[in-house]
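Reader: Hey, I've got this structure to go through for class and I'm a bit lost. Can you walk me through it?

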Amino acid sequence: MTHYNLLKLKPGADAGAIFAQCEAVYAALEAELPFLHDAKVIRCCTVRDSNADIMMVMRLDRPEQLSAYLQHPKHVALAQSLKDVVAARMSFDAE
């Protein structure tokens with residue numbers, strides 16, 4: 001399964017710093033979770049109101065493992081640290 005997580009940041013948020021933070025966390029998650037593969041963090045190269053600013057994409061071995069990823073302490077801590085700078089979040093899963 002491929003899991004996508006897209007973030008729209010609030011105006012004035014430091015997208016570069018947030019991108020670097022997400023890269024570090026997702027590299028750690030990939031190293032710690034044997035079922036999570038090919039984690040990538042991508043920053044949007046165009047600024048438009050309808051665009052997400054940052055996208056994380058990863059592959060999970062099975063859909064049932066999504067919950068373990070979402071509840072992992074590093075993922076929870078990242079979400080908490082970004083709550084004041086994220087205007088909107090969307091996720092998408094594809095088999």
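Reader: Which residues in α1 meet α3?

Author: On the α1 side you have I18, Q21, C22, V25, Y26, A28, L29 and E32, and they meet K74, H75, L78, S81 and L82 in α3. By class, that contact has 8 nonpolar, 3 polar and 2 charged residues. Keep in mind that this is a predicted model.

Reader: OK, and at what angle do the axes of α1 and α3 cross?

Author: At roughly 165 degrees, and the axes come within 10 Å. Here α1 covers residues 15-32, while α3 covers residues 73-82.

Reader: Why is α1 called roughly antiparallel to α3?

Author: Because angles over 145 degrees count as roughly antiparallel, and α1 and α3 cross at roughly 165.

Reader: Is the crossing left-handed or right-handed?

Author: The crossing of α1 and α3 is left-handed.

Reader: Switching topic: how many salt bridges does the structure hold?

Author: There are 3. One of them pairs E32 with K74, with the closest N and O atoms 2.8 Å apart. E32 sits in helix α1 and K74 in helix α3, so this salt bridge ties together parts that are 42 residues apart in sequence.

Reader: Are E32 and K74 buried or exposed?

Author: In between, actually. E32 is partly exposed at 41% relative accessible area, and K74 is partly exposed at 33%.

Reader: What about D38, which residue does that one form a salt bridge with?

Author: With R59, and the closest N and O atoms are 3.1 Å apart. D38 is in strand β2 (residues 36-43) and R59 is in strand β3, so to speak distant parts of the chain, 21 residues apart. D38 is partly exposed at 38% relative accessibility, and R59 is also partly exposed, with a relative accessible area of 36%.

Reader: And R62, what's its partner?

Author: R62 forms a salt bridge with E64, the closest N and O atoms being 3.4 Å apart. R62 counts as partly exposed at 45% relative accessibility, whereas E64 counts as exposed at 59%.

Reader: Last one: where is Q65?

Author: Q65 is in the loop between β3 (54-60) and α2 (66-71).

Reader: Buried or exposed, that Q65?

Author: Q65 is buried, because its relative accessible area is 11% and buried means under 20%.

Reader: So which residues is Q65 in contact with, leaving aside its neighbours within four places in sequence?

Author: Q65 is in contact with F35 and L60.

Definitions and conventions. Residues are numbered from 1 along each chain as its sequence is written. This is a predicted model: local features need pLDDT of at least 70, side-chain atom pairs count only at pLDDT 80 or more; totals for chains, interfaces and linings use all residues. Side-chain values use heavy atoms; hydrogens and water are left out. Helices (H or I, at least four residues) and strands (E, at least two) are DSSP runs, numbered from the N terminus. Buried means under 20% relative accessible area, exposed over 50%, partly exposed in between (1.4 Å probe, protein chains only). Contact means heavy atoms within 4.5 Å. Axes are lines fitted to C-alpha atoms, for helices over the stretch in contact, and angles run from 0 to 180 degrees between N-to-C directions. A crossing is left-handed if the near helix is turned anticlockwise from the far one by less than a right angle, and right-handed if clockwise. Ala, Val, Leu, Ile, Met, Phe, Trp, Tyr, Cys and Pro count as nonpolar, Asp, Glu, Lys and Arg as charged, and the others, Gly among them, as polar. A salt bridge is a side-chain nitrogen of Lys or Arg within 4 Å of a carboxyl oxygen of Asp or Glu.
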